[in-house]
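Mentor: Have a look at the model below and pick one part that you would like to see close up. I will then go through it with you and place it in its surroundings.

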Amino acid sequence: MATMLLWASRAASHLRISVFTRPFASVVKDLNYADSHEWAKVEGNSATVGITDHAQDHLGDVVYVELPEVGKSLTKGEGFGAVESVKATSDVYSPMSGKVVEVNEELNSSPGLINSSPYEKGWIMKLEVSSGGEVNGLMDADQYSKFCEEEDGKH
Amino acid sequence: MRIPRNLEVWKMGIVNYLDALKLQENLVNARKVHKIPDTLLSLQHPPTYTLGKRRTDHNLLVPEPDLKNIGAELHYTQRGGDITFHGPHQAVLYPIISLRDIGLGARNYVEKLESTMIELASLYDVKAHAGRTGETGVWVGDRKIGAIGVRISYAITSHGLAFNIDPDLNYFKHIVPCGIADKEVTSLRKETNMALPAEEIIQEQLISCFARQFGYDSVSWKEGASILSAVSEIE
């Protein structure tokens, strides 16, 4: 089975078509998700923010992350930075309102953490959140999974 | 039932880089609120060097003031990618399209831009291919014939691709193109044995390849005065 998959991957990359080595991108329970593919982990009045596995998979290898400034205030839905991959810069949007209290400096030297560990080592920023109620406007893991399925079914 | 998708193409001739940038910003905002359909700008630039978001100006090999002496401008942009050159006889396409509507991510989008240029090259019996991982663009052997640099904002694209029909390749000597040293830049003129038709025809073929790669059902065209009125509507 493993050798067949290896052969299939090699053949596919030669022909430049996609091979699905796993069915769907991973989703983590207990996180909240925006329809622009960012996630937020809320603990008290602190929220950690990153982009999802679905997002990093669709972006390709991340080569550069534009981080927000610490101290900046963001409103929900506001652009807070960008991620570059395959010569494309993709803007990223804050899933919640709050103040940036910490950014993941490691992404400056290791932007690929976003690909290899989108929910953990690839976290992008931490916010001090002003309104815990905004989480209600975000999707839970099951809703987000379904959302991704529908989006990917469009082409 | 699938809704038929139309692509609106604006044929623009030679456009100053900053004017095109401003226009794209307005178009992205209009596309975001569904004021316009998927739109494709087809144009050329006067001699212009541009840098991407990473501002890799160490890949500019001449001092910036010298660029004026060779009749070129330099601009910093928000697109992805490294330093590049745009000039007359290079076909530039700026698609302003909604990736969300067609369920594409950045990687698939860029692959289709590469395929667009590869398909065009094949019309002239030139065997082009996409770069290896990390070397986005279109190559003939190890000579680069097409470049890509894209921005995606609210899932709407701007900037795009540049395909060398027959630009003055000497301009590329002043940069490390796309940050990749010791690789040449080439053009359709240099690579093909076929006689090239008028540039306008090649640009239209490039547009058709794009429309086919992205599965549009129909293409509508704007040029001249109808562009001016469309611009004033979105400003």
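Trainee: How many salt bridges does the rule find across the interface of chain A and chain B? Please take me through that contact region in detail.

Mentor: Happy to. This is a predicted model, so please read each value with that in mind. The rule finds five salt bridges across the interface of chain A and chain B. One of them joins the side chains of A:E151 and B:R100, with 3.8 Å from N to O. On the chain A side, α2 (53–59), β4 (62–66), β6 and β7 each supply at least two residues that touch chain B. Of these elements, β7(A) gives the most, with five residues.

As for the extent of the contact, 25 residues of chain A meet 29 residues of chain B. Together the two chains bury about 2,300 Å², and carbon and sulfur atoms give 47% of that area. Polar contacts also occur here: 15 residue pairs across the interface make one, with both residues at pLDDT 80 or more.

Let us stay with β7(A), residues 88–93. Six of its six residues are buried, so this strand is largely enclosed by the rest of the structure. The burial holds for both faces: A:A88, A:S90 and A:V92 lie on one side, and A:T89, A:D91 and A:Y93 lie on the other.

What are the neighbours of this strand? Within chain A, strand β6 (residues 79–85) pairs with β7(A) in the antiparallel sense, over six bridges. In that pairing A:S85 stands opposite A:A88. Two residues separate the strands of this hairpin, and one position there, A:V86, takes a positive phi near 40 degrees. From the other chain comes strand β9 (residues 143–153) of chain B, which runs parallel to β7(A) and is joined to it by three bridges. Here A:T89 has B:R151 as its bridge partner. β7(A) thus has an antiparallel partner in chain A and a parallel one in chain B.

Now for the rest of chain A. The chain contains five helices and nine strands, and from the N terminus on its elements follow the order α-β-β-β-α-β-β-β-β-β-α-α-β-α. Six strands form an open sheet with antiparallel pairing, in the order β1-β2-β3-β9-β8-β5. At its edges stand β1 (32–33) and β5 (73–74), each with a single partner strand, so one side of each has no neighbour in the sheet. Inside that order, strand β3 (residues 46–51) and strand β9 (residues 125–129) of chain A run antiparallel and share four bridges. A:V49 is matched with A:M125 there. Over the chain as a whole, 46% of the 155 residues count as buried. Of the contacts in chain A with a separation of 6 or more, 64% are between residues 24 or more positions apart.

Let us cross to chain B and look at a few places there. B:T186 sits in the loop between β11 (184–185) and α5 (188–191). With 0% relative accessibility, this threonine counts as buried. Leaving out residues up to four places away in sequence, B:T186 touches B:R143, B:K144, B:I145, B:N164, B:L169 and B:E191.

B:H86 makes a good second stop, and its place is in strand β5 (residues 84–86) of chain B. Its relative accessible area is 7%, so this histidine is buried too. Its side chain makes a polar contact of 2.9 Å with the side chain of B:Q90. Beyond four places in sequence, the residues B:H86 touches include B:Y17, B:H45, B:P46, B:V92, B:Y94 and B:A162. B:P167 is 81 residues away along the chain, yet its C-alpha atom is 8.4 Å from that of B:H86.

Finally, consider helix α6 (residues 199–213) of chain B. At 1.5 Å a residue, its 15 residues should span 21 Å, and its end C-alpha atoms are 21 Å apart, which agrees. The buried residues of α6(B) are B:I202, B:Q203, B:L206, B:I207, B:C209, B:F210 and B:A211. Just after the helix, B:G215 takes a positive phi of about 65 degrees.

To return to your question: five salt bridges cross the interface, and β7(A) gives the most residues to the side of chain A that touches chain B.

Technical notes
Residues are numbered from 1 along each chain as its sequence is written. Chains are lettered from A and ligands numbered from 1 in the order in which they are written. This is a predicted model: local features need pLDDT of at least 70, side-chain atom pairs count only at pLDDT 80 or more; totals for chains, interfaces and linings use all residues. Side-chain values use heavy atoms; hydrogens and water are left out. The expected span of a helix is 1.5 Å times one less than its number of residues. Buried means under 20% relative accessible area, exposed over 50%, partly exposed in between (1.4 Å probe, protein chains only). Contact means heavy atoms within 4.5 Å. Two strands pair if DSSP finds at least two bridges between them. Buried area is the accessible area (1.4 Å probe) that two parts lose on being put together, summed over both. A salt bridge is a side-chain nitrogen of Lys or Arg within 4 Å of a carboxyl oxygen of Asp or Glu. A polar contact is a pair of N or O atoms within 3.5 Å; within protein, one must be able to donate a hydrogen and the other to accept it, and residues adjacent in sequence count only if both atoms are side-chain atoms.
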